[in-house]
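This report introduces a protein chain to a reader who has not met it before. Please keep the sequence and the model at hand while reading.

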Amino acid sequence: MLNTKMRKIDLCLSSEGAEVILATSSDEKHPPENIIDGNPETFWTTTGMFPQEFIICFHKHIKIEKLLIQSYLVRTLRIEKTTAKEPVGFEQWIDKDLVHTEGQLQNEEVVARDGYATYLRFIILSAFDHFASVHSISVEGIAVSSLS
């Protein structure tokens with residue numbers, strides 16, 4: 001019999017309860033919810049100046065083992081995390097300089113250490129152009145407990 005509690009799933013999908021609760025820019029054709037909708041054709045785009053950021057709420061305590069970020073034209077990305085019940089007390093977790101991939105998506109995989117979180121804040125510090133886009137964030141890991 002399989003233990004369903006331990007199965008590894010993408011915890012960063014809206015269908016798993018994840019939610020984008022803040023984004024510094026929103027284009028009605030490319031809203032922030034596109035990051036977690038599971039559709040490879042949709043994305044969120046920044047609208048100008050940097051830094052730009054978005055916060056994903058998991059509505060539960062999770063242990064992140066691996067992150068996969070699909071983006072376009074992102075130069076420098078910072079990821080902060082918190083285990084608080086509210087989106088406060090973020091600590092700097094990962095800083096990444098991404099490689100410019102002309103005409104194709106950047107696929108950045110991050111193997112997480114100390115990856116316990118209830119919220120993740122993604123900050124695009126700089127980009128290779130005036131605009132950048134985030135196509136998806138996938139989080140491989142396990143739900144540890146609910147936020148009760």
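## Leu-73, a buried loop residue

In this predicted model, Leu-73 counts as buried because its relative accessibility is 13%, and the limit for a buried residue is under 20%. Leu-73 belongs to the loop between S4 and strand S5, the latter formed by residues 74-82. Although Leu-73 is not a glycine, its phi is positive, at about 70°.

## Overall architecture

The protein chain contains 9 strands and 0 helices. Read from the N terminus, the order of elements is therefore β-β-β-β-β-β-β-β-β. Among the contacts with a separation of 6 or more, 76% join residues that are 24 or more positions apart.

The radius of gyration of the protein chain is 15 Å, which agrees with the value near 15 Å that a compact globule of 148 residues would have. Along the principal axes, the C-alpha atoms occupy a box of roughly 50 × 35 × 30 Å.

## Surface and charge

Of the 148 residues, 41% count as buried. The protein chain exposes about 8000 Å², and 51% of this area is supplied by carbon and sulfur atoms. The chain carries 14 positive and 21 negative charges, and the mean positions of these two groups lie 8 Å apart.

## Strands S4 and S7

Strand S4 covers residues 52-72 and pairs with S7 in the antiparallel sense, over 6 bridges. Within this part of the model, Leu-67 stands opposite Val-110 of S7.

How do the side chains along strand S7 point? In this strand, residues 106-111, they alternate between two faces. Gln-106, Glu-108 and Val-110 point to one face and are buried. Asn-107, Glu-109 and Val-111 point to the other face and are not buried.

## Backbone features around S4

Pro-51 is located in the loop between strand S3 (44-45) and S4. The peptide bond that joins Phe-50 and Pro-51 is cis, with omega of about 5°.

His-59 lies in strand S4 itself. Phi of His-59 is near 60°, a positive value in a residue other than glycine. Is His-59 buried or partly exposed? His-59 counts as partly exposed because its relative accessibility is 41%, and that class lies between the limits of 20% and 50%.

## Two buried residues and their surroundings

Trp-93 is part of strand S6, which spans residues 91-97. With a relative accessible area of 8%, Trp-93 is buried. Leaving aside neighbours within four places in sequence, Trp-93 is in contact with residues including Ile-64, Leu-67, Ile-79, Ala-112 and Leu-120. Leu-67, one of these contacts, is also the residue that stands opposite Val-110. Trp-93 and Arg-78 are separated by 15 residues in sequence, and their C-alpha atoms are 7.6 Å apart.

Cys-12 is found in the loop between strand S1 (9-10) and strand S2 (19-23). Cys-12 is buried, and its relative accessible area is 0%. Which residues are in contact with Cys-12, once neighbours within four places in sequence are left aside? They are Ala-18, Ile-36, Ile-56, Phe-58, Ile-137, Ser-138 and Val-139. Val-139 is 127 residues away from Cys-12 in sequence, yet the distance from C-alpha to C-alpha is 5.3 Å.

Definitions and conventions:
Residues are numbered from 1 along each chain as its sequence is written. This is a predicted model: local features need pLDDT of at least 70, side-chain atom pairs count only at pLDDT 80 or more; totals for chains, interfaces and linings use all residues. Side-chain values use heavy atoms; hydrogens and water are left out. Helices (H or I, at least four residues) and strands (E, at least two) are DSSP runs, numbered from the N terminus. The radius of gyration is taken over C-alpha atoms; the globule rule is 2.2 Å times the number of residues to the power 0.38. Buried means under 20% relative accessible area, exposed over 50%, partly exposed in between (1.4 Å probe, protein chains only). Contact means heavy atoms within 4.5 Å. Accessible areas come from the Shrake-Rupley method with a 1.4 Å probe; for residues, only the protein chains shown count as cover. Lys and Arg count as positive and Asp and Glu as negative; His and the chain ends are not counted. The place of a charge is taken as NZ of Lys, CZ of Arg, CG of Asp or CD of Glu. Two strands pair if DSSP finds at least two bridges between them.
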